[in-house]
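Student: I have a structure open on my screen and would like to learn how to read it. Could we go through some features together?

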Amino acid sequence: MIEVHDLHRHFGGFRAVDGASITIRTGSITGLIGPNGAGKSTLFNVIAGVLPPTSGRVIMDGEDITGLPPHALFHRGLLRTFQMAHEFSSMTVRENLMMVPGGQTGEVLWNSWFGRKRIAGEERALRARADAVLDFLTISHVAEEKAGNLSGGQKKLLELGRCMMVDAKIVFLDEVGAGVNRTLLMTIADAIVRLNRERGYTFCVIEHDMDFIGKLCDPVIVMAEGKVLAEGPADSIMANEAVVEAYLGRGLKNKVMVEAAEETQLGEAHGAQPGLGDEAGQGGDGRPAGAAPGRRLDGRPWLAAQGDDPASGEQRP
Ligand SMILES: Nc1ncnc2c1ncn2[C@@H]1O[C@H](COP(=O)(O)OP(=O)(O)OP(=O)(O)O)[C@@H](O)[C@H]1O
């Protein structure tokens, strides 16, 4: 369990995190949502040791881990992935996975001369583990591909795979769905649920896609202006006036709600089935066909369903 007590992180006079207290229960998939600039990533960075807090405490399983560097947290099984995936682009996908566990015999020059047998044995074991991870994530077909050639969604799966190469206890995922097409988002969601149920991983997930949050996360914690605004099951959070207002402000909220009601009536008339797995096409604004507007509570447009990260023009194998 992670407990965050009255955490502050200020940048000069600006309070990016302003007295946030949260609990991440062991075995949960906890969602962390909030409008842009709410302080979600900063909170992640402080918990994961990327930034020191201005004040406050982070406790993991009863031990104070406040301010420990990322490598120390890594050894305790606490990992954080980033909005932008951090792969070694000129190495293959399998190699990216194989290099995650540290302390390999071959890293020492002396051993590379005199410990060849041991190194070969370790490499075989690592390769087998990497291949099992790729199989679990259903991306075995890209094992030999240079990681730089992967699509945005495949890079996110690779990040998850890196967490699986060590025995992670708790994984902080930052905007796992950003720039990812709906099909791969389903694969990522499925991998998260299986890692949670079958291997006992705890997750804390920042995500703007409310279908994704609603299907995966319990509880959902909402941040606004550096503070925790609300916490609870996804459906009650999405119906929470204060939460919708924090995202939209009252004028825009009313407009979006009227549009959402109209759109729902239209969707029902056409028998549309909104949801994460809806791949029947798209609405004119880029969201999947039948998905109600406002599923992104911040009102930003949906990404195109075809291909990941359309803006980046990334090449996919
Ligand atoms: N290193 C920094 N220096 C100064 N201000 C920062 C720094 N990092 C973040 N901020 C500010 O802190 C606020 C919170 O940023 P943060 O990235 O944590 O928000 P967020 O909720 O993750 O937003 P988003 O959903 O857009 O990623 C923002 O106003 C941001 O500009």
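Student: What phi does G49 take, just after α1?

Tutor: This is a predicted model, and in it G49, just after α1, has a positive phi of about 80 degrees. A second residue to look at is E225, which sits in the turn between β9 and β10 and has a positive phi of about 50 degrees.

Student: Let me stay with α1 for a moment. How do I read a helix, and how many of the residues of α1 are buried?

Tutor: Start with the general idea: an α-helix has 3.6 residues a turn, so residues three or four places apart point the same way. Now the case here: α1 spans residues 40–47, and eight of its eight residues are buried, so to speak a mostly covered helix by the definition of 20 or more other C-beta atoms within 10 Å. Among the buried residues are K40, L43, F44 and I47.

Student: What does α1 pack on?

Tutor: Helix α1 packs on the sheet, where it touches β3 (29–33), β6, β7, β8 (202–206) and β9 (220–224). The direction of α1 makes about 150 degrees with that of β7.

Student: Then I need to understand that sheet. In what order do its strands lie?

Tutor: A general point helps when you look at the strands: in a regular strand the side chains alternate between the two faces of the sheet. In this structure, six strands make an open sheet with mixed pairing, and their order is β6-β7-β8-β3-β9-β10. At the edges are β6 (78–80) and β10 (227–232), each of which pairs on one side only. On average, neighbouring strands of the sheet are turned by 15 degrees against each other, direction ignored.

Student: Which way do β6 and β7 run, and how many bridges join them?

Tutor: They run parallel, and three bridges join β6 to β7, which covers residues 170–174. To find the pairing on your screen, look for L79, which stands opposite V171 in β7.

Student: And how do β9 and β10 pair, in the parallel or the antiparallel sense?

Tutor: Antiparallel, over five bridges. One pair to pick out is V222 with its bridge partner A230 in β10. The two strands, β9 and β10, form a hairpin with two residues between them.

Student: There is also a ligand. Which residues surround the ligand?

Tutor: The ligand is surrounded by F11, F14, A16, G34, N36, G37, A38, G39, K40, S41 and T42. Two elements give two or more residues to this shell, β2 (14–24) and α1. The most comes from α1, with three residues. By class, the shell around the ligand has four nonpolar, six polar and one charged residue. K40, S41 and T42 may look familiar: they are among the buried residues of α1.

Student: Last topic: how is the protein divided into domains?

Tutor: Domain 1 consists of 2–87 + 151–238, and domain 2 of 91–149. Where they touch, 12 residues come from domain 1 and 15 residues from domain 2. On the side of domain 1, α6 (152–165) and α7 (182–199) are the elements that give two or more residues. The largest share of that side is from α6, with eight residues. Sorted by class, that side of domain 1 has seven nonpolar, three polar and two charged residues.

Student: How many helices and strands does the protein have?

Tutor: The protein has 11 helices and 10 strands. Of its 317 residues, 38% count as buried.

Key: Residues numbered from 1 in each chain as written. Predicted model: local features only at pLDDT ≥ 70, side-chain atom pairs only at ≥ 80, totals over all residues. Domains from an automatic or database assignment. Contact = placed C-beta atoms within 7 Å. Helix = DSSP H or I, 4+ residues; strand = E, 2+ residues; numbered from the N terminus. Nonpolar A, V, L, I, M, F, W, Y, C, P; charged D, E, K, R; others polar. Pairing = 2+ DSSP bridges. Axes fitted to C-alpha atoms, helices over the stretch in contact; angles between N-to-C directions. Buried ≥ 20, exposed ≤ 12 C-beta atoms within 10 Å, placed from the backbone. Near = placed C-beta within 6 Å.
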